[in-house]
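Me: I have a structure open and would like to walk through it slowly. Could you help me read it?

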Amino acid sequence: MRQVFIAGNWKLNKSIKEAIELVTELKRDLIDIEAADIVVCPVFTALSDVSDVIIDSNIKLGAQDVYWQESGAFTGEVSSTLLKDAGCTYVIIGHSERRKYFFETDETVNKKIKAAQNAELIPIVCVGETLEERESGKTMEVIKGQLQGSLQSLDNQSLQALVIAYEPVWAIGTGKTATSSQAQEVHGFIRNWLIERCGSPVSQKIRILYGGSVKPSNIKELIQEPDIDGALVGGASLERETFSQIVKNAL
Ligand code: PEP
């Protein structure tokens, strides 16, 4: 049985003060929830302050990116050990915005996953097709390529220690959600790929999240699908009511 997992990706939003306010409210709203893993991913500059607020609570901290080198002359980058130091448990890797605007590739995603796991961070690895790829019938081919490249040479133990997020690019921040059956079709494909890669017992333990315009009104239907284990939420995670309601509705 896979525990429901809901993560909020705050992207480039919220000052330290605003981040503290939001997470303080979420902590209050969600204090009784034990049956879900709840994660917030603020900007780097707010990580440490948010960590102080949620310490010993049921909300965990995630970063939005990481660099694979440990230290040295890499201006502007942040290593997994430093994220751990700031209080992170999770890190989002390979988000489509990073792939699009910062030229992230499956190869760099793979290096980041390995670096994160070396520091005992749990990667949330994003995959997803563009609208053009979907319309030309290439969705499964694209997802398979991203899985193969991103998860290259990870052993079963490493695969079991990560979370996958299927985020169709055309559904991110657009208000267009994949229907639950469209999402399940890809989640089922990912699960089968994992079964082939690492066998059924291991693959049944790996959580696969859906991301793309998740709201309180559509999470219930999505989460009922057999291979949708939770959500990576962008826009709707920036408001207390909507994020809290998504967590509650997912249960
Ligand atoms: C995301 O950025 O991961 C995301 C899913 O965004 P949104 O929920 O706003 O579509």
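Reply: What follows is a chat about the strands, a helix and the empty spaces of this structure.

Me: Before we start, what kind of model is this, and how are residues numbered?

Reply: This is a predicted model, in which local features need pLDDT of at least 70 and side-chain atom pairs count only at pLDDT 80 or more, while totals for chains, interfaces and linings use all residues. Residues are numbered from 1 along each chain as its sequence is written, and side-chain values use heavy atoms, with hydrogens and water left out.

Me: Ok, strand β1 then: how many of its residues are buried?

Reply: In β1, which covers residues 4–9, 6 of its 6 residues are buried, where buried means under 20% relative accessible area, exposed means over 50%, and partly exposed lies in between, using a 1.4 Å probe and protein chains only. Strands here are DSSP runs of E with at least two residues, helices are runs of H or I with at least four, and both are numbered from the N terminus.

Me: Which residues sit on each side of β1?

Reply: V4, I6 and G8 are on one side and F5, A7 and N9 on the other, and both faces are covered.

Me: And which strand does it pair with?

Reply: β1 pairs in the parallel sense with β2 (residues 36–41) over 6 bridges, and the bridge partner of F5 in β2 is D37. Two strands count as paired if DSSP finds at least two bridges between them.

Me: Switching to β6, what does it run alongside?

Reply: β6 is joined to β5 by 4 bridges, with the two strands parallel, and 3 bridges join β6 to β7 (residues 208–211), also in parallel. Y166 of β6 stands opposite V127, and Y166 also stands opposite Y210 in β7.

Me: Is β6 buried or exposed on its two faces?

Reply: Both of its faces are covered, with V163 and A165 buried on one side and I164 and Y166 buried on the other.

Me: Now helix α7, how far does it reach?

Reply: α7 takes in residues 139–150, which is 12 residues, and it spans 16 Å from its first C-alpha to its last, close to the 16 Å expected at 1.5 Å a residue. That expected span is 1.5 Å times one less than the number of residues.

Me: Which of its residues are buried, and what covers them?

Reply: T139, V142, I143, Q146, L147, G149 and S150 are buried in α7. The elements covering the buried residues include α4, α5, β5, α6, β6 and α9.

Me: Can you zoom in on L147, and say which residues it is in contact with?

Reply: L147 is found in α7 and is buried, with a relative accessible area of 1%. Leaving aside its neighbours within four places in sequence, L147 is in contact with V127, Q152, I164, I190 and W193, where contact means heavy atoms within 4.5 Å.

Me: What about A178, where does that lie?

Reply: A178 lies in the loop between β6 and α9, and it is buried, with a relative accessible area of 5%. Beyond its neighbours within four places in sequence, A178 is in contact with P168, W170, A171, A183, Y210 and L222.

Me: Last topic, the empty space: how many cavities of 30 Å³ or more are there?

Reply: The structure holds 1 such cavity, with a volume of about 30 Å³, and it is lined by G94, H95, S96, R99, C126, V127, G128 and E167. On a 1 Å grid over the protein atoms alone, a cavity is a set of points where a 1.4 Å probe fits but cannot get out, a pocket is an open set with protein on both sides within 12 Å along at least five of seven lines, and lining residues have an atom within 4 Å of a point. Grid points are joined across faces, edges and corners, and a volume is the space filled by probe spheres set on the points.

Me: And the largest pocket, which residues lie nearest its centre?

Reply: The largest pocket, with about 480 Å³ of space, is lined by 19 residues, of which K11, L12, Q64, R98 and F102 lie nearest its centre. α4 gives the most to that lining, with 3 residues.

Me: How about the second largest pocket, what is its volume?

Reply: Its volume is about 240 Å³, and its lining includes Y101, V142 and Q146. The largest share of this lining, 5 residues, comes from α4.
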